[in-house]
Amino acid sequence: MANLIVETSYSQPLDDATHDRLAAQLDPCLEAYGARWLRSYLSTDRLRMVCEFEAPDAEMVRMSYRSAGIDFERVWTAEVYARSA
């Protein structure tokens with residue numbers, strides 16, 4: 001499985017109700033395409049979000065977003081760099 005990053009931007013701050021609605025739309029599509037959400041980072045102004053997924057490849061995540069009708073800026077494959085203990 002690959003690690004994928006999805007970047008999104010919003011014209012207005014993302015409120016919790018909209019976030020919950022978008023997640024409910026996206027979750028079944030991710031499952032259908034073999035992708036799994038790991039975590040998200042929402043900017044403090046709530047205008048940008050970066051989400052991390054595991055999936056067979058970037059196209060599966062793109063197809064998930066498109067099937068759910070959710071806009072995104074880009075999806076890219078990433079390597080995980082973490083500080084050693």
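The fold is easiest to read from its sheet: 4 strands make up an open sheet in the order 2-3-1-4, with antiparallel pairing. Strands here are DSSP runs of E with at least two residues, helices are runs of H or I with at least four, and both are numbered from the N terminus; two strands count as paired if DSSP finds at least two bridges between them. Strand 2 (36-42) and strand 4 (74-78) sit at the edges with a single partner strand each, so one side of each has no neighbour in the sheet. On average, neighbouring strands are turned by 25 degrees against each other, direction ignored (the axes are lines fitted to C-alpha atoms, over the stretch in contact for helices, and angles between N-to-C directions run from 0 to 180 degrees). All of this describes a predicted model, in which local features need pLDDT of at least 70 and side-chain atom pairs count only at pLDDT 80 or more, while totals for chains, interfaces and linings use all residues. Residues are numbered from 1 along each chain as its sequence is written, and side-chain values use heavy atoms, with hydrogens and water left out.

As for the pairings themselves, strand 1 and strand 3 run antiparallel and are joined by 8 bridges; Ser9 has Arg48 in strand 3 as its bridge partner. Strand 3 (residues 48-55) also pairs with strand 2, again in the antiparallel sense, over 6 bridges. Here Arg39 stands opposite Glu52, and Ser40 has Cys51 as its bridge partner. Strand 2 and strand 3 form a hairpin with 5 residues between them. Arg46, in that loop, has a positive phi of about 65 degrees although it is not a glycine. Most residues other than glycine have a negative phi. At 28% relative accessibility, Arg46 counts as partly exposed, the class between buried (under 20% relative accessible area) and exposed (over 50%), using a 1.4 Å probe and protein chains only.

Next comes helix 2 (residues 58-68), where Ala58, Val61, Ser64, Tyr65 and Ala68 are buried. Seen down the helix axis, these buried residues fall within an arc of 125 degrees, so they line one face of helix 2; the arc is that of the directions from the axis to the C-beta atoms. They pack against strand 1 (2-9), helix 1 (16-32), strand 3 and strand 4, with contact taken as heavy atoms within 4.5 Å. At the start of helix 2, a side-chain oxygen of Asp57 comes to within 3.1 Å of the backbone nitrogen of Glu59. After the helix comes Gly69, with a positive phi near 75 degrees.

Just ahead of helix 2, Pro56 lies in the loop that follows strand 3 and, at 45% relative accessibility, counts as partly exposed. Pro56 touches Met1, Ala2, Tyr33 and Gly34, not counting residues up to four places away in sequence. Gly34 is 22 residues from Pro56 in sequence, yet their C-alpha atoms are 7.0 Å apart.

The largest nonpolar core has 19 residues, and those with the most contacts inside it are Leu4, Val6, Leu26, Phe53, Val61 and Tyr65. Strand 1, helix 1, strand 3 and helix 2 each supply at least two residues of this core. Such a core is a set of buried Ala, Val, Leu, Ile, Met, Phe, Trp, Tyr and Cys residues joined through side-chain atoms within 4.5 Å. With neighbours within four places in sequence set aside, Leu4 is in contact with ten residues' worth of surroundings that include Cys51, Phe53, Ala58, Val61, Val75 and Trp76. Strand 1 also holds Thr8, which is buried at 6% relative accessibility. The side chains of Thr8 and Tyr10 are joined by a polar contact of 3.1 Å, that is, a pair of N or O atoms within 3.5 Å, where within protein one must be able to donate a hydrogen and the other to accept it, and residues adjacent in sequence count only if both atoms are side-chain atoms. Beyond its neighbours within four places in sequence, Thr8 is in contact with residues including Leu47, Arg48, Tyr65 and Phe72. Glu7, another strand 1 residue, has a polar contact of 2.6 Å between its side chain and that of Trp76. Not counting residues up to four places away in sequence, Glu7 touches Met49, Phe72, Glu73, Arg74 and Trp76.
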